[in-house]
Every structure is written in C-alpha cells, then in structure tokens.
Amino acid sequence: MNSERNLVANHASRRRETRYWEAVLARDRRADGAFFFAVRSTSIYCRPSCPARRPLRTNTVFFRTRQEAERQGYRPCRRCKPDQIPVATLVVQRAAQVLENEVDEPVNVNLLARRVGVRTDALRRAFRQQTGLNPKQLAAALRLRRFKRLLRQGHGIADALYATGYGSASRVYEGSDAQLGMTPATYQKGGRGMQIKYTMSKSSLGQVLVAATERGVSAVYLGDAPRKLVSELRQEYPHAEIATEKGAFSEWVNEIVARIEGSAPRRELPLDLQATAFQRRVWQELQRIPRGTTTTYKQVAKALGKPRAVRAVAQACASNPVSIVVPCHRVVRADGNLAGYRWGLGRKQKLLEREQGGAEVSRVA
Ligand SMILES: [Zn+2]
C-alpha cells in the first residue's frame, strides 16, 4: 500500500521534472520563477530561460525556490540572474495558484490581492505586465479548464456548470470558442459513436500509435511507452469504442512511418476527427506548409484572416491529435525558438532536420 503510494508520488514528480526539462530546453520565459534548475558540475543555478548552453539532463537538478537551491550550495548564474526575478512574475504566479484552487466564486480582485499579499493596483499592474489577461480573465480560463476536466470525467453539463460556478450554459459557450476552440456540447461527445482501432508501430523516433476509424486516421502519437500512448488515446476519445488490431490499415501506418523517417508523402491520408470549425481551419492551414519549411503561429493566424488569434492558433496546434499527418511540428515561434511539441521537443527537432535534408535546426533565438 505504502509502496504503491510512493510509486504514484514518484511518477508524479518524474512527470513534473519532464515538464521542467522541456521548459528548460525551450528556454520558456513563462516558467521563470516557477522553478529553478541547477547544474551539478558547475554548482550554479539558473532560471529556465537562461541563454547559456543547456546542461546535460543527467547533470541537472530542479528546485521550486531559489532558497532551496542556495541551501544546497548552488550559486546564482551571472547571466540570467535567477536571484532577481521580477516581483511582477512572482505576484502573478502566486495569484494563479490562489485562483486555481478557488474558482467557484466570482473573483474579487481586492480579496485576491490581499491573499497574494500585495495592493490591488500592484496586482493589476503585475497582470498587465506579465500576461495579456486581467485577473478575472485568468480566473475564467482556469475555471474553464476545470469545467472541461469535469465533462471529461463524465459529469453532465448541468453538474459541471454547478460545480464550477458558471451561471448558465450560455456563459460557457460565449467564452469557450476563443479559449478552447471547442464548445462543451462537442466536447462531451468525446468520441461517442466512434469505433476506433489502433495499432503500434516502431520508428527511429520511438513508438508510433496510429488509430483510425473506417473512414480515416483519428490519432497519430509518438512516444516511448506504448501503454502511455494508449491511455492518451482513451483520454482523447473517452466515449469511443477502442480496440487494438495488429496490422490494421497497414498502408496508412507505413505511409506515416515513412514520413517520420523523412520521406516525402506518397499517398493521401484521409482523416476522421472530431474538431470545431476553427480547429479544422487551422489544421487544414498546417497541411499547406511545404515540407522542409517552417512557419509561425502568427503567420498561420494571418493566413486564416484572424491576425489576432495567435493564441487560439497555438492552442489548435497543441490539440492536434494527428501528428505528422497534420504537420504541427512545422510551426515555430517568431524568434526561431521551437516552442513546444506534445511529443517532445527532441522529436520535433529531428522531424524538422529530416525534412530540411539533415540541416541542423537551431532551437536558440
Ligand atoms: Zn543562467
């Protein structure tokens, strides 16, 4: 019993470390202040966005606070100055923690400021500086995330509305298209009525899960552990009938693996997906990016005639269930930074290198 609990705890902390490491690889500024990483061989600790060369993963340790790092004898890096994280960053992070745990009530900004331990105008200023959102919008986004989780767990819409404190269904619908790219009614279907078969294949980038219905491909996942990929599939389509079948739709699988290994497309791959109109438009646009090139979230937004929808585009890219077929790996940040990839930044980098004929793809701005 106890060891089982330890196992769960270890698993959670490994997952957290993987997330931290990805943020370090991406030099993600948004992670600054959320944690610090230290390098054993140099005894120096940094913020995630530090411009210095990346250490080896095996030499890296993570700390939640800089005090912990310093207690263990690490010194602050002179380049990224992790001991001088702007107060605004810390204020927003603290506020986000408070909001995440208490989304039932309408947000009272004065109360929130008191909980964080700053004045109301300082809280507002910190939000303006650090995020595009004000405290109320952030609370709404966090609440929506919880709402989505409740629906996924099988609660009805009315239940989920009540539990998350939304006044009425229309308020969810109003906000959700922009923030989630899908409306709750679509989401609740969760693949209901779909009959999905999946098969595992191997590639030089690890395991490939391909799932499809009779009409087309519904999921392409990359990873190391087959079981993990299967459980992600069940999460993506919680109400679908899902079964494994060795050697199923082998022509599609062969085509997908060939593309992973760097081959040009040789056949069309039909898709059978659940998507909102907006996601569909974004994914179609991604399929227009020529092989061997990259584009940015901003350019995709522009091409859709919605230049301000950069965030929604990034979200649609992140929720793409059919990697490779919809080449979301060809979207990078405007500064050349690789941004994120659901299946790991290393895989994104390799895919791009192969498509660009072996050229080294920089992940540095
Ligand atoms: Zn540093």
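**Close-up 1. R27, a buried residue in a loop of this predicted model.**
R27 has a relative accessible area of 14%, and because the cut-off for a buried residue is under 20%, R27 counts as buried. The residue sits in the loop that runs between helix α1, residues 2–25, and strand β1, residues 36–39. Its backbone is also worth examining in this view, since phi of R27 is near 50°, a positive value in a residue other than glycine.

**Close-up 2. I324, a second residue with a positive phi value.**
Phi of I324 is near 70°, and I324, too, is a residue other than glycine. I324 belongs to the loop between α14, which spans residues 310–318, and β10, which spans residues 331–332. With a relative accessible area of 6%, I324 is buried.

**Close-up 3. R47 and C50 in the loop between β2 and β3.**
The loop shown here lies between β2, residues 44–46, and β3, residues 60–63, and R47 is found in it; C50 has its place in this loop as well. R47 counts as buried at 14% relative accessibility, and C50 counts as buried at 1%. The side chain of R47 takes part in a polar contact of 3.5 Å with the side chain of D32, and the R47 side chain also reaches the backbone oxygen of K81 at 3.1 Å. For C50, the view can be extended to F37, which is 13 residues away along the chain, with 9.8 Å separating the two C-alpha atoms.

**Close-up 4. The salt bridge between K197 and E245.**
The side chains of K197 and E245 meet in a salt bridge, with a distance of 3.2 Å from N to O. K197 lies in strand β5, residues 195–203, whereas E245 lies in the loop between β8, residues 241–244, and α11, residues 250–260, so the pair ties together parts that are 48 residues apart in sequence. K197 is partly exposed, at 37% relative accessibility, and E245 is partly exposed as well, with a relative accessible area of 34%.

**Close-up 5. The salt bridge between R354 and E261.**
In this pair, the closest N and O atoms of R354 and E261 are 3.5 Å apart. The two residues link distant parts of the chain, 93 residues apart, with R354 in helix α15, residues 345–355, and E261 in the loop between α11 and α12, the latter covering residues 277–286. R354 counts as partly exposed at 26% relative accessibility, and E261, with a relative accessible area of 37%, is partly exposed too.

**Close-up 6. R119 with D121, and a network of salt bridges.**
D121 forms a salt bridge with R119, and the closest N and O atoms of this pair are 3.1 Å apart. R119 counts as exposed at 63% relative accessibility, while D121 is partly exposed, with a relative accessible area of 36%. Elsewhere, E232, E236 and R342 are linked in a network of salt bridges. In total, the count for the model comes to 13 salt bridges.

**Close-up 7. A positive patch on the surface.**
Four residues, R15, R19, R64 and K228, form a positive surface patch. One of them, K228, has its place in helix α10, which spans residues 226–236.

How values were computed
Residues numbered from 1 in each chain as written. Predicted model: local features only at pLDDT ≥ 70, side-chain atom pairs only at ≥ 80, totals over all residues. Heavy atoms only, no water. Patch = residues over 30% accessible without salt bridge, like charges linked within 9 Å, V, L, I, M, F, W, Y side chains within 5 Å. Areas by Shrake-Rupley, 256 points an atom, 1.4 Å probe, with all protein chains shown as cover. Lys, Arg positive; Asp, Glu negative; His and termini not counted. Charge placed at Lys NZ, Arg CZ, Asp CG, Glu CD. Helix = DSSP H or I, 4+ residues; strand = E, 2+ residues; numbered from the N terminus. Buried < 20%, exposed > 50% of the residue type's maximum accessible area, 1.4 Å probe, protein only. Polar contact = N/O pair within 3.5 Å; in protein donor to acceptor, adjacent residues only side chain to side chain.
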